[in-house]
Amino acid sequence: MVNWSPHPVSVKKRSPWVQVAGHAGNFKVGSDGRLLKKYFECEQQCFVQLMSDSLRPFIPGYYGVTKQDEQDYNLMDDLLADFDSPCIMDCKMGSRRYQQRLKELKAVLEKSDFFKAHEVVGSSLLFVHDLTGKAGIWMIDFGKVVPMPPPLTLDHRSPWVEGNREDGYLWGLDNFIDILTNMLPE
Ligand code: ATP
Ligand code: MG
Ligand code: MG
């Protein structure tokens, strides 16, 4: 199942950063096109591993933990920073809970060591496009993503049954690509 945020949100050029989903108050805008998200240990561990995984081009750049007003934050790229008047959509992926780039992502996911070894629950794809025709898709939100005890791995397509920890991520992505492909004019 793919969850869509109710409406794509339009952001005026140079307007303050906005979030389309998620918990209010979890984020602060940093300097130099960076974003601070309230620290969760499992999200930090995912980011660290993802920075050296084949999925790296689909992940916001990660710059470690920073403290502000006694609160720890994970520091990452603001994915909107390089867009002009962007429209944004957040799709939470998986059964338990655009385009060419989606197919590229699927191919990379199927080979990623990180993806094989993690239960990906509550994570989203963030879709961003703007007036100039620039578009991108990234994986975000690793706050509930947990490693499988080695040597166990997941295929992300098998139906979920109690105890098998399958998340349906690739099943959702297959469906998503089918839906978008069917929407294209013949
Ligand atoms: P929840 O667990 O309820 O989904 P959360 O508090 O863990 O939410 P995220 O899902 O990580 O938060 O992000 C919420 C929203 O913030 C996203 O829908 C998106 O609009 C924005 N956002 C998150 N990360 C980035 C980023 N790196 N760049 C730009 N916008 C982002
Ligand atoms: Mg989220
Ligand atoms: Mg979250």
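Glu70 sits out in the open in this predicted model, with a relative accessible area of 72%, so it counts as exposed, the cut-off being over 50%. Its place in the chain is the loop between β5 (residues 62-68) and β6. The backbone of Glu70 also does something worth a look: phi is near 70°, a positive value in a residue that isn't glycine.

Ser85 shows a positive phi too, near 50°, and again the residue is not a glycine. Ser85 belongs to the loop that runs between β6 (71-77) and β7 (87-92). Is Ser85 buried or exposed? With a relative accessibility of 17%, Ser85 counts as buried, because the limit for that label is under 20%. The side chain of Ser85 has a partner as well, since a polar contact of 3.3 Å links it to the side chain of Asp84.

Another backbone feature turns up at a pair of prolines. The peptide bond that leads from Pro150 to Pro151 is cis, and its omega is near 5°. Pro151 itself is part of the loop between β11 (146-147) and α4.

Now for helix α4. This helix is made of 15 residues and stretches 21 Å from its first C-alpha to its last, close to the 21 Å expected at 1.5 Å a residue. Quite a list of its residues is buried, including Tyr169, Leu170, Gly172 and Leu173. Asp174, Phe176, Ile177 and Leu180 of α4 are buried as well. One of these, Leu173, has a neighbour from elsewhere in the chain: its C-alpha is separated by 7.3 Å from that of Lys106, although the two residues are 67 apart along the chain. Lys106 is part of helix α2 (residues 99-109). Unlike a buried residue, Lys106 has a relative accessible area of 22%, so it falls in the partly exposed group.

Next come the aromatic rings. How many aromatic pairs does a search of the whole structure find? The search gives five. One of them joins Phe47 and Phe142 in an edge-to-face arrangement, with 5.3 Å centre to centre and 80° between the planes. Both Phe47 and Phe142 are buried. Together with Tyr62, Phe47 and Phe142 make up one aromatic cluster.

A further pair brings together Phe127 and Phe176, and this one is tilted: the ring centres are 5.4 Å apart and the planes make an angle of 45°. Why does this pair tie together separate parts of the chain? Phe127 lies in strand β9 (residues 124-129) while Phe176 lies in helix α4 (residues 169-183), so the pair links parts that are 49 residues apart in sequence. Phe127 is buried, with a relative accessible area of 0%, and Phe176 counts as buried at 1% relative accessibility.

Some rings have a charged partner instead. Arg34 lies over the face of Tyr63, at 3.5 Å from the ring centre. In a similar setting, Lys134 places its charged end over the ring of Phe83, 5.0 Å from the centre of that ring.

Finally, there is the ligand. Which residues are closest to ligand 1? The shell around ligand 1 has 21 residues, and the closest are Asn26, Lys37, Leu79, Asp90 and Asp141. Three strands, β4 (34-38), β6 and β7, each supply at least two residues of that shell. Backbone atoms take part in the polar surroundings: a nitrogen atom of ligand 1 is 2.8 Å from a polar backbone atom of Asp77, and a nitrogen atom of ligand 1 is also 2.8 Å from a polar backbone atom of Leu79. A side chain joins in at Lys92, where an N or O atom is 2.9 Å from an oxygen atom of ligand 1. Taken alone, ligand 1 exposes 620 Å², and the protein buries 96% of that area.

Terms used:
Residues are numbered from 1 along each chain as its sequence is written. Chains are lettered from A and ligands numbered from 1 in the order in which they are written. Side-chain values use heavy atoms; hydrogens and water are left out. Rings of Phe, Tyr and Trp (its six-membered ring) pair if their centres lie within 6.5 Å; planes under 30 degrees apart count as stacked, over 60 as edge-to-face and the rest as tilted. Buried means under 20% relative accessible area, exposed over 50%, partly exposed in between (1.4 Å probe, protein chains only). Helices (H or I, at least four residues) and strands (E, at least two) are DSSP runs, numbered from the N terminus. A charge sits over a ring if NZ of Lys or CZ of Arg is within 6 Å of the ring centre and within 35 degrees of the ring normal. The expected span of a helix is 1.5 Å times one less than its number of residues. A polar contact is a pair of N or O atoms within 3.5 Å; within protein, one must be able to donate a hydrogen and the other to accept it, and residues adjacent in sequence count only if both atoms are side-chain atoms. A residue is near a molecule or strand if one of its heavy atoms lies within 4 Å of it. Accessible areas come from the Shrake-Rupley method with a 1.4 Å probe; for residues, only the protein chains shown count as cover.
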